[in-house]
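Hi,

Here is the structure I promised to send over. Have a look at it first, and then read on for what turned up when I went through it.

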Amino acid sequence: MASEYTAEEQYETRQTLYIVRHGVAYHNLPIKVKSKAEDGTNRYTYHHPDKRDPKYIDSKLVLPKAHQQARKAGTRLRKALNESNDGEMVAAKKKLDCVLVSPLSRCLETAYFIMNELQGNHSSLPPPWVCKEELREAFGIHYSDKRSCKSTLQETWPHVQFDPNMKEEDEDWKPDERETFMNLHQRIDNFLLWTSWNQLLTMISEKQNASGDNHKQRTNEKRAEKRQNLLVVSHGVW
């Protein structure tokens, strides 16, 4: 069967991803240890926290430091949305089309503070939030990378659309096995493919729903604005 699309109707998708690492969390803080030197004076040393300690499960942000970091990120994002690709300021502000976030609490909290700073007192509707498992930190062994139960996250973040494939418990995390780099790279690739494929499906849907040349022209004008600017809040592994 012949395709209903001609060569002139082929689609090209373009997206800008603003990728942000979460703010400082409790498992990132060095631990200060006090001891006595040979001359009897106090001596202080710093050690990395033991991420295998269950107290770091789904480690939260350290406030107010992480709040300040997120506010700076929001300010920089606002500036980026007001710049063209060559760095010049533009008259029409680009809008953020979607917030894509890791299911770990430190990323959800970071995204919340960034969006508060970005939106300020504006009354416009915020973009949709989508939580994707592919955006999480490399998992296993470290309790800081074990997420909370899905129901807990949904109750805490009711405005977020959680991945329907996400299980109630974190079944990917294992106490004695760390995710391989091959698996990590594969899920990053899967995420990038998902974002581009989602954009393409939206554009094709607009084409199929268009009726008449005038409507088609208006649709084509609008489609370039859809899902082009994405805020991605993830982890250092990205």
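Which residues form one aromatic cluster with Tyr 112? The other members are Phe 113 and Trp 157. Before going further, please keep in mind that this is a predicted model.

While we're on rings: the whole structure holds five aromatic pairs. One of them is Phe 191 with Trp 238, an edge-to-face pair with 5.4 Å from centre to centre and 85 degrees between the planes. Phe 191 belongs to helix α4 (residues 181-209) and Trp 238 to the segment after β7, so this contact ties together parts that sit 47 residues apart in sequence. As for the surroundings of the two rings, Phe 191 is buried, at a relative accessible area of 0%, while Trp 238 is partly exposed at 25%.

Two lysines also turn up over aromatic rings. Lys 132 has its charged end over the ring of Trp 194, at 4.2 Å from the centre. Lys 32 does something similar with Tyr 44: it lies over the face of the ring, 4.4 Å from the ring centre.

Next, the strand I'd look at in your viewer: β7, residues 229-234. Is it enclosed or open? Six of its six residues are buried, so the rest of the structure largely encloses it. In a regular strand, side chains alternate between the two faces of the sheet. Here both faces are covered. On one side you'll find Asn 229, Leu 231 and Val 233, on the other Leu 230, Val 232 and Ser 234, and all of these are buried.

What does β7 pair with? Strand β1 (residues 16-21) runs parallel to β7 and is joined to it by six bridges. If you want a landmark there, Val 20 stands opposite Val 233. Strand β4 (residues 98-101) also pairs with β7 in the parallel sense, over four bridges. In that pairing, Val 99 has Leu 231 in β7 as its bridge partner.

Finally, the charges. The count comes to 11 salt bridges, and three of them seem worth showing you with their surroundings.

- Asp 50 and Arg 52: the closest N and O atoms are 3.1 Å apart. Asp 50 is partly exposed, with a relative accessible area of 38%, and Arg 52 is exposed at 54%.
- Asp 97 and Lys 95: here the closest N and O atoms are 2.3 Å apart. Asp 97 counts as buried at 6% relative accessibility, whereas Lys 95 is partly exposed at 45%.
- Arg 136 and Glu 133: the closest N and O atoms are 3.6 Å apart. Arg 136 is buried, at 1% relative accessibility, and Glu 133 is buried too, with a relative accessible area of 15%.

That last bridge belongs to a wider arrangement. Which residues does the network contain? Through salt bridges that share partners, Glu 133, Arg 136, Arg 147 and Asp 170 are joined into one network.

If you open the file with a few minutes to spare, my suggested order would be β7 with its two covered faces, then the edge-to-face pair of Phe 191 and Trp 238, and then the network that includes Arg 136 and Asp 170.

Cheers

Technical notes
Residues numbered from 1 in each chain as written. Predicted model: local features only at pLDDT ≥ 70, side-chain atom pairs only at ≥ 80, totals over all residues. Heavy atoms only, no water. Salt bridge = Lys/Arg side-chain N within 4 Å of Asp/Glu carboxyl O. Buried < 20%, exposed > 50% of the residue type's maximum accessible area, 1.4 Å probe, protein only. Pairing = 2+ DSSP bridges. Phe/Tyr/Trp six-rings, centres within 6.5 Å; stacked < 30°, edge-to-face > 60°. Lys NZ or Arg CZ within 6 Å of the ring centre and 35° of its normal.
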